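Trainee: Could you take me through one part of this protein slowly, and show me how that part fits in with everything around it? I'd like one connected story rather than a list.

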Amino acid sequence: MADFYKRSLVRVIDFSCDARARRLFRAFPLGADVATAMRQELLELHAGRARRQALRQATDAEDLQYVRADLPRNVLCPTGR
């Protein structure tokens, strides 16, 4: 895990699904085609109902929260899953 993380970047994906704002955090290997991977994942998860709004690299604070698993939980699912 640590070896993969050092060779990756955490990305923040803002999207909307059924007119509700959502946010995902994912670690991708350096040089990965993030836009294509996220388009495919959103299509698989939400069957075309999701629209990507923004894709950016995580800030240092967000990156630290991702590593510590201390990100805000989904209000619709208290477990964050």
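Mentor: Sure, but let's get one term straight before anything else: helices here are DSSP runs of type H or I with at least four residues, strands are runs of type E with at least two, and both are numbered from the N terminus. Keep in mind that we're looking at a predicted model. With that in hand, the protein has 3 helices and 3 strands. Read from the N terminus, the elements go α-β-β-α-β-α.

Let's make helix 2 and the sheet it sits against our part. The sheet comes first.

The 3 strands make an open sheet in the order 2-1-3, with antiparallel pairing. Strand 2 and strand 3 are at the edges and have a single partner strand each, so one side of each has no neighbour in the sheet. From one strand to the next, the twist averages 25°.

Now look at strand 1, residues 8-17. Strand 1 pairs with strand 2, residues 20-29, in the antiparallel sense over 10 bridges. These two strands form a hairpin with 2 residues between them, and Asp18 in that turn has a positive phi of about 55°. You can follow the pairing residue by residue here: Ser16 stands opposite Ala21 in strand 2, and Cys17 stands opposite Arg20. Strand 1 also pairs with strand 3, residues 50-57, again in the antiparallel sense, over 7 bridges. Cys17 turns up here too, as its bridge partner in strand 3 is Ala50. How many of the residues of strand 1 are buried? It's 8 of the 10, so strand 1 is largely enclosed by the rest of the structure. For comparison, 25% of the 81 residues of the protein count as buried.

On to helix 2, which covers residues 34-46. Try a quick check on its length: at 1.5 Å a residue, its 13 residues should span 18 Å, and the C-alpha atoms at its ends are 18 Å apart, which agrees. Which residues of helix 2 are buried? They are Val34, Met38, Leu42 and His46. If you look down the axis of helix 2, its buried residues fall within an arc of 60°, so they line one face of the helix. And what do these buried residues pack against? They pack against strand 1, strand 2 and strand 3.

Let's zoom in on His46, which is found in helix 2. Its relative accessible area is 18%, and buried means under 20%, so His46 counts as buried. Leaving aside residues up to four places away in sequence, His46 touches Phe15 and Cys17. Just after helix 2 comes Ala47, with a positive phi of about 50°.

Helix 2 isn't the end of the story. Helix 3, residues 60-68, packs on the sheet and touches strand 1, strand 2 and strand 3, and its direction makes about 80° with that of strand 2.

Finally, step back to the whole protein. Among the contacts with a separation of 6 or more, 49% come from residues 24 or more positions apart. The protein exposes about 6,000 Å², and carbon and sulfur atoms supply 52% of that.

Terms used
Residues numbered from 1 in each chain as written. Predicted model: local features only at pLDDT ≥ 70, side-chain atom pairs only at ≥ 80, totals over all residues. Heavy atoms only, no water. Buried < 20%, exposed > 50% of the residue type's maximum accessible area, 1.4 Å probe, protein only. Pairing = 2+ DSSP bridges. Expected span 1.5 Å × (residues − 1). Arc of directions from axis to C-beta. Contact = heavy atoms within 4.5 Å. Axes fitted to C-alpha atoms, helices over the stretch in contact; angles between N-to-C directions. Areas by Shrake-Rupley, 256 points an atom, 1.4 Å probe, with all protein chains shown as cover.
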